[in-house]
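Notebook open, structure loaded. I want to go through a few spots and jot down what turns up.

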Amino acid sequence: MKEFNTLQEIWKQQKQTTLPDVSLIIAKAKKEKASYTNKVLVQVATLVLVLPFLIWIGTAINFKMTSTYIGLGLMFVCITGFSIVRLFQMKTLREIDFTQNPTVSLNQLEKYYAFQQIVSTKISLAYFIILNIAFGFYFIEVMQPMSTMLKSIFLILYIGWMLVAYLYIGKKQKQKEYGRIQKMMDAIKQIEEQYEK
Amino acid sequence: MSSTENQFKDLYSNYSQKVHRLCLGYTGDSMLADDLLQEVFIKVWENLEKFRGESQVSTWIYRITVNTCLLYLRANKKQTKIDLEKNVLKISEETNDTENQIQLLYKCISELNEADRLIITLLLEEVPYAEIAEVTSISEGNLRVKIHRIKQQLSTIYSKHERI
């Protein structure tokens, strides 16, 4: 059997490898940070653009029914609330420290995962329901001048789109997000198991 | 140039080779090891300001490396099926004997389980037991037992391959 010391001697004989230049790593790190910042900015910009647009609709058009204003108000609350939750989620994920020992990272990931589940189930459902109620209120007045035929087509398209968005696109997105976190948690658990063996 | 950049450059020049060898020991693939090295140092860059010096800087960097290696391979399992025969083990008559022995050693390390690969590579890098224990969060007593077993396992695998 080969002595471990002999193996260590072999190991020490390795030559220096040519590695990427440090400036390349710094540039890449800066780019990654910028890409994250851009994602947050896009989310904030969407929020900032949608909300003034809702305010503009509410003030520029002279609606006759209170229900329309209730609808616009609910949309405002809904979009603000959900965007804040998403931004918070993004910030929390970003703050998980993978430089800690695996148990600490796992703990943070599990907390994030639990919160993500609340967002994906309860909060998303509440968002979906409230947003649709909001549109319901809004449509009462907006759809009044339409013919019954047009109303029917519009409602079918609207309901169809909402169902596709909630049941298909939303679920697919959730699965993707869950999958990513679950993989990380499984990996950390396996790391711990292997260390314990 | 900022002091963070200077500090980072120092860390990179002191630890990049060690980190690369650790990644290579774990993946058995030099391309993957390059990717992992970059990922490790991007994390070092991102967290450098948070590093409070509670542990040695080497321990901190090794821990990032270990965590990155273990997470990276699992998250990319489909794309990163390692083909050791093709990627690392280029033992041929053209390469010299030392090089062959090094390649063979990497191959043998790759036959250990994932956590053991990292522990033995740290040991080969002559990282002290206490530091390996801190990096892996294993008690020192437990680690000694483990290391004894891994050393034996590696020696046996190496001897077996050497005879072939």
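Before I look at burial, the cut-off: I call a residue buried if 20 or more other C-beta atoms lie within 10 Å of its own, exposed if 12 or fewer, and partly exposed in between. Also noted: this is a predicted model.

**Entry: Ser110(B).** I looked up where Ser110(B) sits and found it in helix 5 of chain B. Buried or exposed? I get 20 other C-beta atoms within 10 Å, so Ser110(B) is buried. I also checked a partner remote in sequence: Gly25(B) is 85 residues apart along the chain, yet the two C-alpha atoms are separated by 6.8 Å.

**Entry: helix 5 of chain B.** I then took the whole helix, residues 97-110. Its 14 residues should span 20 Å at 1.5 Å a residue, and I find the end C-alpha atoms 20 Å apart, which agrees. Ser110(B) has company on the buried list, including Ile102(B), Leu104(B), Leu105(B), Tyr106(B), Cys108(B) and Ile109(B).

**Entry: helix 5 against helix 8, chain B.** How do the axes of these two helices cross? I have them coming within 9 Å and crossing at roughly 125°. The pair is therefore oblique, and I logged the crossing as right-handed. From helix 5 the contact uses Leu104(B), Leu105(B), Lys107(B), Cys108(B) and Ile109(B); helix 8 answers with Leu154(B), Ile157(B), Tyr158(B), His161(B) and Glu162(B). Sorted by class, I count seven nonpolar, one polar and two charged residues in this contact.

**Entry: positive phi in chain B.** I went looking in the loops here. Glu126(B), between helix 6 and helix 7, has phi near 60°, a positive value in a residue other than glycine. Glu126(B) is exposed, with 10 other C-beta atoms within 10 Å. Ser137(B), in the loop between helix 7 and helix 8, also has a positive phi near 60°. With 16 C-beta neighbours inside 10 Å, I put Ser137(B) down as partly exposed. Reminder to self: most residues other than glycine have a negative phi.

**Entry: chain A meets chain B.** I find 32 residues from chain A and 43 residues from chain B in the contact. On the chain A side, helix 1, helix 2, helix 4 and helix 5 each supply at least two residues. That side divides into 17 nonpolar, ten polar and five charged.

**Entry: helix 2 of chain A.** I checked its length: 39 residues reach 56 Å from first C-alpha to last, close to the expected 57 Å. This helix is hardly covered, as I find one buried residue among the 39.

Terms used:
Residues are numbered from 1 along each chain as its sequence is written. Chains are lettered from A and ligands numbered from 1 in the order in which they are written. This is a predicted model: local features need pLDDT of at least 70, side-chain atom pairs count only at pLDDT 80 or more; totals for chains, interfaces and linings use all residues. Two residues are in contact if their C-beta atoms, placed from the backbone, lie within 7 Å. Helices (H or I, at least four residues) and strands (E, at least two) are DSSP runs, numbered from the N terminus. Ala, Val, Leu, Ile, Met, Phe, Trp, Tyr, Cys and Pro count as nonpolar, Asp, Glu, Lys and Arg as charged, and the others, Gly among them, as polar. The expected span of a helix is 1.5 Å times one less than its number of residues. Axes are lines fitted to C-alpha atoms, for helices over the stretch in contact, and angles run from 0 to 180 degrees between N-to-C directions. Angles under 35 degrees count as roughly parallel, over 145 as roughly antiparallel, 65 to 115 as roughly perpendicular and the rest as oblique. A crossing is left-handed if the near helix is turned anticlockwise from the far one by less than a right angle, and right-handed if clockwise.
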